[in-house]
There are 6 protein chains.
Amino acid sequence: MSNNQVVQNVERVEQDIVDGLAKLGVATVHEAQGRRGLLADYMRPIQQDVAVAGSAITISGAAGDNWMMHVAIEQCHPGDIMVFAPTSPSNFGFFGDLLATSAQVRGVRGLIIEGGVRDTRILREMNFPVWSKHVFAQGTIKETLGSVNVPLVCADELIHPGDVIVADDDGVCVVRREEAADVLAKGNAREALEEEKRIRLANGELGLDIYNMRPRLAEKGLKYV
Amino acid sequence: MSNNQVVQNVERVEQDIVDGLAKLGVATVHEAQGRRGLLADYMRPIQQDVAVAGSAITISGAAGDNWMMHVAIEQCHPGDIMVFAPTSPSNFGFFGDLLATSAQVRGVRGLIIEGGVRDTRILREMNFPVWSKHVFAQGTIKETLGSVNVPLVCADELIHPGDVIVADDDGVCVVRREEAADVLAKGNAREALEEEKRIRLANGELGLDIYNMRPRLAEKGLKYV
Amino acid sequence: MSNNQVVQNVERVEQDIVDGLAKLGVATVHEAQGRRGLLADYMRPIQQDVAVAGSAITISGAAGDNWMMHVAIEQCHPGDIMVFAPTSPSNFGFFGDLLATSAQVRGVRGLIIEGGVRDTRILREMNFPVWSKHVFAQGTIKETLGSVNVPLVCADELIHPGDVIVADDDGVCVVRREEAADVLAKGNAREALEEEKRIRLANGELGLDIYNMRPRLAEKGLKYV
Amino acid sequence: MSNNQVVQNVERVEQDIVDGLAKLGVATVHEAQGRRGLLADYMRPIQQDVAVAGSAITISGAAGDNWMMHVAIEQCHPGDIMVFAPTSPSNFGFFGDLLATSAQVRGVRGLIIEGGVRDTRILREMNFPVWSKHVFAQGTIKETLGSVNVPLVCADELIHPGDVIVADDDGVCVVRREEAADVLAKGNAREALEEEKRIRLANGELGLDIYNMRPRLAEKGLKYV
Amino acid sequence: MSNNQVVQNVERVEQDIVDGLAKLGVATVHEAQGRRGLLADYMRPIQQDVAVAGSAITISGAAGDNWMMHVAIEQCHPGDIMVFAPTSPSNFGFFGDLLATSAQVRGVRGLIIEGGVRDTRILREMNFPVWSKHVFAQGTIKETLGSVNVPLVCADELIHPGDVIVADDDGVCVVRREEAADVLAKGNAREALEEEKRIRLANGELGLDIYNMRPRLAEKGLKYV
Amino acid sequence: MSNNQVVQNVERVEQDIVDGLAKLGVATVHEAQGRRGLLADYMRPIQQDVAVAGSAITISGAAGDNWMMHVAIEQCHPGDIMVFAPTSPSNFGFFGDLLATSAQVRGVRGLIIEGGVRDTRILREMNFPVWSKHVFAQGTIKETLGSVNVPLVCADELIHPGDVIVADDDGVCVVRREEAADVLAKGNAREALEEEKRIRLANGELGLDIYNMRPRLAEKGLKYV
């Protein structure tokens, strides 16, 4: 994790793959890639019933310092998602409506921040989605350099610039850039299977029968009394 | 707490008593039964402004293992509420839209889970209410037996199969099956009293006067300055 | 912090200043007064997209005892906000719909409570906003005296009776009574500046240029690669 | 869970069985009884390197009220352990050196408390061991009745009077009274097996070989690179 | 709470009063002053079995910035205790062995810090006691002014410069400077009473009898079964 | 992060460099490498006043499954430190005295685990140091493959096999393998400087003068009153 540098050329995944992952949602994407990639469960949305995906622009900054946010926005393309992790824990409000305005005009789809966010009502009005660890109005400074588009750890997961971020009401999941197409294919296959099961379950069939669980339950010794 | 068994005959409370308790809500039911029965305050709803009550189908399973959920659904009757507690703490997503589909078709009214839940947006769309400790997409396995309809501890409270679960935006409360009719009667009486007070308070009378608090405050030594 | 007394004459800030602060919101007010006054980030609203301000009626009571709430309501004027802090931590539900009815009829605009609240669905229906540390139905007693309108510590901040409380989705901020007019002026000035910047940012200008950050970034050694 | 009563005749396990469980320790006892019975991991000792076991005297009291502690001590026999759980969460210091003096003279071996304890330095000097959720000096009152020797939930586990409590640096485990002899036998057998393995491991043999893990690892697909 | 100033003349309590409070300890002092003054229970000692008291030198600084520590040490007299609270939450290591060396040579008796501390092993070797919210090695900066010897809120309590801080294994308690002599007298009286009771309890008398609790328990309805 | 593989050839840092880093301790190493590398502050030692350093053997396993621990021990050399992170949060006791016996005989110097540990008293007796997130006796299974010696995220930090782990009472710090010699040199230089300052501070000089802080404080506007 190099220091104080801005990496300008980020390889991104094709937009339709990203959009396909958004449609699958966090739980399915997580399953499709072998149950990896979930950020810690303290990353919660400030809005409800919104699902997005985008290419990660990663931002590493000092605790209580949001200078690198401004630097990062210049590096954003339409379809990107900003991912911020402070180098030490901080609940400060690193991001508010002005930064959101600037990000949104460049086509940024949302923010993932292991820290605090503020102006949350306005952000919801703007339809700029955020997943954060904290909501807190505390103001930040602009004193210390950090880095943009270096690999970083956010909420327990390693994230590289250009990785796909999928976020919805269940939380946040990261998909490696080079695996995104494969994960989408597997996710779509899984979704098709689930749809079929959903119909059978909705018709009153039991999972016990659909998945043929009864023999194995009996073999393991489950007793009905 | 016996292991690895499914108890099939659960005595339940009459449905109109259950429904009456739902209408009273958690705070009133808790008061009516002598301030007992509240589950820990980390049990939070994934939806807003929904109140339900139902007969408890209790499910004990291993951490990160949701196999017994499938077993439990077969035991559910219309009007039941599933109550799941893992034998060790776990934030995994034990329950999602497929299980909810299956539960809902059998008339299950909701889920209380001292663990994680996923597909929360879809669950809200389905009007399948959930109170959980965590929201997390992490997938579970189906390896270890557990039990259905044995007494268990969920979020600090002992719950027996057939006990009435009342849940709303304030949290979750359990009512012993054999006390449910009595609690409903007391709750309705309390509600009537409160309604009368609500009207007097809305008319500008003070609690200090309605409850005749002034003499006791003075006697204890409260000074107005 | 004197004990067991009710201070009856509270100097308050003029209502239009209070209302002006409400319009600015927590983040701007916090900035305008030199980044002071934020209550701890565990103070969260039970409703969404509501912003209020009012004069603090402070209430100090024992853990699990809400007697002083009744005493305090008599001291409330239209435009006030009740601020409750127990003398020891407690998650009990100190406040519910009956107290809210009584407070609302006297013109109270909301409640800030470093404790628990209950009947949250009804409170939302009544449009009585609350910011609390906990949501919990546990009933309280009325046994121990406390004080009304003495300085107290609530969620890490010292609050005097008559101070202005500003609360919205970002949390809660306190403004000293004697500084309120000045903070409003500074906040309005700041808001005007921000509006100008918001327009420029919305037009695609970068913060890097608007704030002239590039030279200082270069001087500190930021490398673009 | 009956209210406001003191059950005076508690059946206890023979002392040598209790002492045998103390020697096995929490981890082994937990394993020997099928991985059940562990209290939540927030129950931590105030002393280091102390292991005890005893028969549970259970105490249920109101939050911030330690009246029932005094009632309970009269019910204690030599070899007992007091187990206190408040009916609502409370970090108050329910127990200090005076109560410990009284308990110790009656032969009580320790305290398990889902709440706070104080005078911790003196308790260590007295060799009166405590496992608690909190350390806090806040004083309690004696206003509300509770119960002694009724089943209760403490730190996520159901505990009956007379159950055996085993506690050491790893935490606290409960053993059902009627299973204690069996658990001791299984624990001793386990301990013997472990001792044999400890010697082999200390001689440099690998668990991979002792437990014959290599074929199953290969079969599951573990790759060495 | 004025900003960016160092108040140089702090009135202190006579040293023998301070020392008397240290001997009483946190629990007794807290009781003697009417159960007020306890800091939050997350303030924990880094050492065991140490009790101190001293006059508060209060220090308010920015999150992650320990500049004011250096300023404060110049203001310290023998017998003082440093009390640091950041203006926003921060777990950084604001204090280590160098600052402790400087403080100790000036006669400072310890540190109370609502933040992080580091070099904890060396601090224990130096016999420089610390009560902190966090232990964390993260380095701080020296960029932002704060204040020394202004009233501040630390761990939920308002502390004035010159107030007496009492700290031991149970936590931390603040005593108002002007009340210290009175609290000492009351504490000593309480201690004498407790000593008498300790002897009676050690002789096997029950609290039920010493405090004459039996009639009131019966009157409230406690049943022995 | 590849799955289900054991990387056998780990490049390690020379032992005298590792030992030099151990002597510097966590705070100094963290400073010497530019304030990077600290694991989250919830990683706490089970013993007191122990400092170690070693080469990381990284272990990634499923929640509640310690199978890979056995696989990892075979890969350990004298001077190594085991670093375990579960792929999902888990407080289970992944490691106890048997594994410690096996690790110690191979020369392993300690364990860093973002999970639970048990048999803590015996581990202290064995002088096998552990830094963990939890202490909990809950037993684990051996069902799911994981990986050994792949890069992983542990307590917010990315750790590669062969990186140097430094751990003491302040927590845990990771040093990149390729930077270790440089960090040691910088740390030793820093230590020399600090020693000089420690002597001046011990002689009563103030940091204000040693670091020449007074002019900058005055310039920023600090007022003495």
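Seven salt bridges: the rule finds 7 of them across the interface of chain C and chain A. That is where I want to start. One caution before we go on: this is a predicted model.

Take one of those bridges. R118(A) forms a salt bridge with E31(C). Their closest N and O atoms are 2.9 Å apart. Polar contacts add to the picture. Between chain C and chain A, 19 residue pairs are in polar contact, both residues at pLDDT 80 or more.

Which elements of chain C give two or more residues to the side that touches chain A? There are helices: α2 (26-32), α6 (180-202), α7 (207-210) and α8 (214-220). There is also a strand, β12 (223-224). The largest share comes from α6(C), with 5 residues. By class, this side of chain C has 16 nonpolar, 5 polar and 15 charged residues.

Now the extent of this interface. Chain C brings 36 residues to the contact, and chain A brings 39. Together they bury about 3300 Å². Carbon and sulfur atoms carry 55% of that. Three residues, D41(C), D170(C) and V225(C), supply 18% of the area that chain C buries against chain A. No other three residues supply more.

Back to that strand, β12(C). Strand β1 of chain A, residues 5-6, pairs with β12(C). The sense is parallel, over 2 bridges. What is the bridge partner of V6(A) in β12(C)? It is Y224(C).

Next, symmetry. Turn chain C by 120 degrees, with a shift of 0.0 Å along the axis, and it can be laid on chain A. The RMSD is 0.0 Å. The two copies are therefore related as by a three-fold rotation axis. Which C-alpha of chain C is nearest that axis? That of Q48(C), at 6.4 Å.

Let's move to the other neighbour, chain D. Here 7 residues of chain C are in contact with 7 residues of chain D. The area buried between chain C and chain D is about 540 Å². Carbon and sulfur atoms give 58% of it. Look at S88(C), P89(C) and F92(C). They supply 54% of what chain C buries against chain D, more than any other three residues.

How many salt bridges does the rule find across the interface of chain C and chain D? The count is 0. Polar contacts do occur: 2 residue pairs between chain C and chain D, both residues at pLDDT 80 or more. On the side of chain C that touches chain D, 4 residues are nonpolar, 3 are polar and none is charged.

Symmetry again. A rotation of 180 degrees superposes chain C on chain D, with 0.0 Å of shift along its axis and an RMSD of 0.0 Å. So that is the relation of a two-fold axis. In chain C, S90(C) has the C-alpha nearest this axis, 3.5 Å from it. The same surface serves both copies. In figures, 100% of the contact residues of chain C recur in chain D.

Some pairs of chains do not touch. No contact joins chain C and chain F. Their closest C-alpha atoms lie 15 Å apart. Chain B and chain E have no contact either, and their closest C-alpha atoms also lie 15 Å apart.

To recap: chain C meets chain A with 7 salt bridges, and chain C meets chain D with 0. A turn of 120 degrees lays chain C on chain A. A rotation of 180 degrees superposes chain C on chain D. Thank you.

Methods:
Residues numbered from 1 in each chain as written. Chains lettered and ligands numbered in written order. Predicted model: local features only at pLDDT ≥ 70, side-chain atom pairs only at ≥ 80, totals over all residues. Heavy atoms only, no water. Contact = heavy atoms within 4.5 Å. Buried area = accessible area lost by both parts, 1.4 Å probe. Salt bridge = Lys/Arg side-chain N within 4 Å of Asp/Glu carboxyl O. Polar contact = N/O pair within 3.5 Å; in protein donor to acceptor, adjacent residues only side chain to side chain. Nonpolar A, V, L, I, M, F, W, Y, C, P; charged D, E, K, R; others polar. Helix = DSSP H or I, 4+ residues; strand = E, 2+ residues; numbered from the N terminus. Pairing = 2+ DSSP bridges. Least-squares fit on C-alpha atoms with pLDDT ≥ 70 in both.
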